[in-house]
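This report describes a metal site, a nonpolar core and the cysteines of one protein chain. Please keep the sequence and the model in view while reading.

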Amino acid sequence: MACCPDDQLCEHCYGRELVVKRRQARVIGQCWAERICRGELRAQAAWPEHGARTMRIARRLVGTLVKDPRLLDDLAAACSRGAAAWWERRPPRYRV
Ligand SMILES: [Zn+2]
């Protein structure tokens, strides 16, 4: 039995969702960065973590994880942070 609607979580469920989904968002971000690394954008020295375009894509990538729109920005940020972290320690074979 759910305690509140998926798209209007109560404070308790919101906090719990955030912890769980943040982890997933980070993993999604890592896979995203790895995909980019194989493409033509690989030459960029650092991940544009807060760029407008980055955040737009991040929001789309985590969009399916949650129904409560308030979570979206937080998860998009976590996703981009995960990507940036992966980019920092990307394997030598991906560096140009
Ligand atoms: Zn609840």
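Contact here means that heavy atoms lie within 4.5 Å. With that meaning, and leaving aside neighbours within four places in sequence, Ser-80 is in contact with Trp-32, Trp-47, Glu-49, Thr-54 and Met-55. The model is a predicted one, and the values below are computed from it.

**Ser-80 and Trp-47**

Ser-80 is found in helix H3 and counts as buried, because its relative accessibility is 0%, under the 20% limit. Its side chain makes a polar contact of 3.4 Å with the side chain of Trp-47. Trp-47, when residues up to four places away in sequence are not counted, touches Trp-32, Ala-33, Ile-36, Thr-54, Ser-80, Ala-83, Ala-84 and Trp-87. Trp-32 and Thr-54 are thus among the residues touched by Trp-47, and they are also among the contacts of Ser-80.

**The nonpolar core**

Trp-47 belongs to the largest nonpolar core, which has 26 residues, and it is one of the six that touch the most other members, alongside Ala-25, Trp-32, Val-62, Leu-71 and Leu-75. At least two residues of this core come from each of helix H1 (11-37), helix H2 (52-62) and helix H3 (69-88), and H3 provides the largest share, with nine residues. In soluble globular proteins, nonpolar side chains tend to be buried together.

**The zinc site and the cysteines**

The zinc ion has Cys-3, Cys-4, Cys-10 and Cys-13 as its protein donors, each through its SG atom, at 2.1 to 2.3 Å. Along the sequence these donor residues follow the spacing C-C-x5-C-x2-C. The arrangement around the zinc ion is tetrahedral because the four donor atoms subtend angles of 102 to 116°, which lie between the limits of 85 and 135 degrees. For comparison, the ideal angle for four tetrahedral donors is 109.5 degrees.

The table gives the accessibility of several cysteines, including three of the zinc donors.

| Residue | Relative accessible area | Class |
|---|---|---|
| Cys-3 | 58% | exposed |
| Cys-4 | 13% | buried |
| Cys-10 | 28% | partly exposed |
| Cys-31 | 39% | partly exposed |

How many disulfides does the structure hold? The number is zero. In the case of Cys-31, the closest cysteine sulfur is that of Cys-79, and the 9.3 Å between the two sulfurs is too far for a bond, since a disulfide requires the sulfur atoms to be within 2.5 Å.

How values were computed: Residues numbered from 1 in each chain as written. Predicted model: local features only at pLDDT ≥ 70, side-chain atom pairs only at ≥ 80, totals over all residues. Heavy atoms only, no water. Donors = N, O, S within 2.8 Å, 3.2 Å for Na, K, Ca; no water. Tetrahedral: all angles 85-135°; square planar, octahedral: opposite > 155°, others 65-115°. Buried < 20%, exposed > 50% of the residue type's maximum accessible area, 1.4 Å probe, protein only. Core = buried A, V, L, I, M, F, W, Y, C linked by side-chain atoms within 4.5 Å. Helix = DSSP H or I, 4+ residues; strand = E, 2+ residues; numbered from the N terminus. Polar contact = N/O pair within 3.5 Å; in protein donor to acceptor, adjacent residues only side chain to side chain.
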